[in-house]
Amino acid sequence: LVTVISFIVYDMHVERRQRKLLENAERSNMVVASLFPAKVRDRLFHERHNRDEERMSVRHLARGASEISRLRKFMAPAPRQTQSQTADSDNSTSISNSAPAIAD
């Protein structure tokens, strides 16, 4: 019952927000239509759309590149230990400063 009421309240909130957004977009369109001829208006909207798409693609590529590099570092094989490092690691009283950190 609580879930149903929560969903209905959330749905009403989303509908109200969408309605306000649509009204704002219609007002903006009417202002632009009254100030500029159709060709200029179309060019302005087209330029804005292209700029927004470019920003989104740059953000997506940058985020994707960093995620890929993090994944590659994580998946990289661990460096092999030499005999002396293996002997040192067997000694439980020694602390090595050269050992890689467990967590960042």
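How many helices and how many strands does the chain have? Three helices and zero strands. Read from the N terminus, the order of elements is α-α-α. Keep in mind that what you see is a predicted model.

I'll begin with confidence. The mean pLDDT of the chain is 75, and 61% of the residues score at least 70. Split by element, H1 has the highest mean pLDDT, at 91, and helix H3, residues 83-90, has the lowest, at 54. Where pLDDT is low, the predicted coordinates should not be read in detail. I will therefore stay with H1 and H2 for the rest of this talk, given that general caution.

Next, the surface. Of the 104 residues in the chain, buried ones make up 3%. The exposed area of the chain is about 10400 Å², and 59% of that comes from carbon and sulfur atoms.

One part of that surface has a nonpolar patch. Val4, Phe7, Ile8, Tyr10 and Met12 make it, and its area is about 560 Å². Take methionine 12 as one of its members. Methionine 12 sits in helix H1, which covers residues 2-35. Is methionine 12 buried or exposed? Its relative accessibility is 52%, so it counts as exposed, the cut-off being over 50%.

Now the salt bridges. The count is two. One joins the side chains of arginine 43 and glutamate 47, with an N to O distance of 3.7 Å. The other pair is arginine 48 with aspartate 52, where N to O is 3.3 Å. Both distances fall within the 4 Å limit, and so both pairs qualify.

Where do these partners sit along the chain? Arginine 43 and glutamate 47 belong to helix H2, residues 38-75; they are four residues apart, so about one helical turn separates them. Arginine 48 and aspartate 52 are also both in helix H2, again four residues apart, about one turn of the helix.

How exposed are the four side-chain partners? Starting with the arginine 43 pair, arginine 43 has 48% relative accessibility and counts as partly exposed. Glutamate 47, at 42%, is partly exposed too. In the other pair, arginine 48 comes out at 46%, which means partly exposed. Aspartate 52 has a relative accessible area of 31% and is likewise partly exposed.

To recap: three helices and zero strands, a nonpolar patch of about 560 Å² that includes Met12, and two salt bridges. For helix H3, remember the mean pLDDT of 54.

Definitions and conventions: Residues are numbered from 1 along each chain as its sequence is written. This is a predicted model: local features need pLDDT of at least 70, side-chain atom pairs count only at pLDDT 80 or more; totals for chains, interfaces and linings use all residues. Side-chain values use heavy atoms; hydrogens and water are left out. Helices (H or I, at least four residues) and strands (E, at least two) are DSSP runs, numbered from the N terminus. Buried means under 20% relative accessible area, exposed over 50%, partly exposed in between (1.4 Å probe, protein chains only). Patches are made of residues with over 30% relative accessible area and no salt bridge: like charges are joined within 9 Å, nonpolar side chains (Val, Leu, Ile, Met, Phe, Trp, Tyr) within 5 Å. Accessible areas come from the Shrake-Rupley method with a 1.4 Å probe; for residues, only the protein chains shown count as cover. pLDDT is the predictor's confidence in each residue, from 0 to 100.
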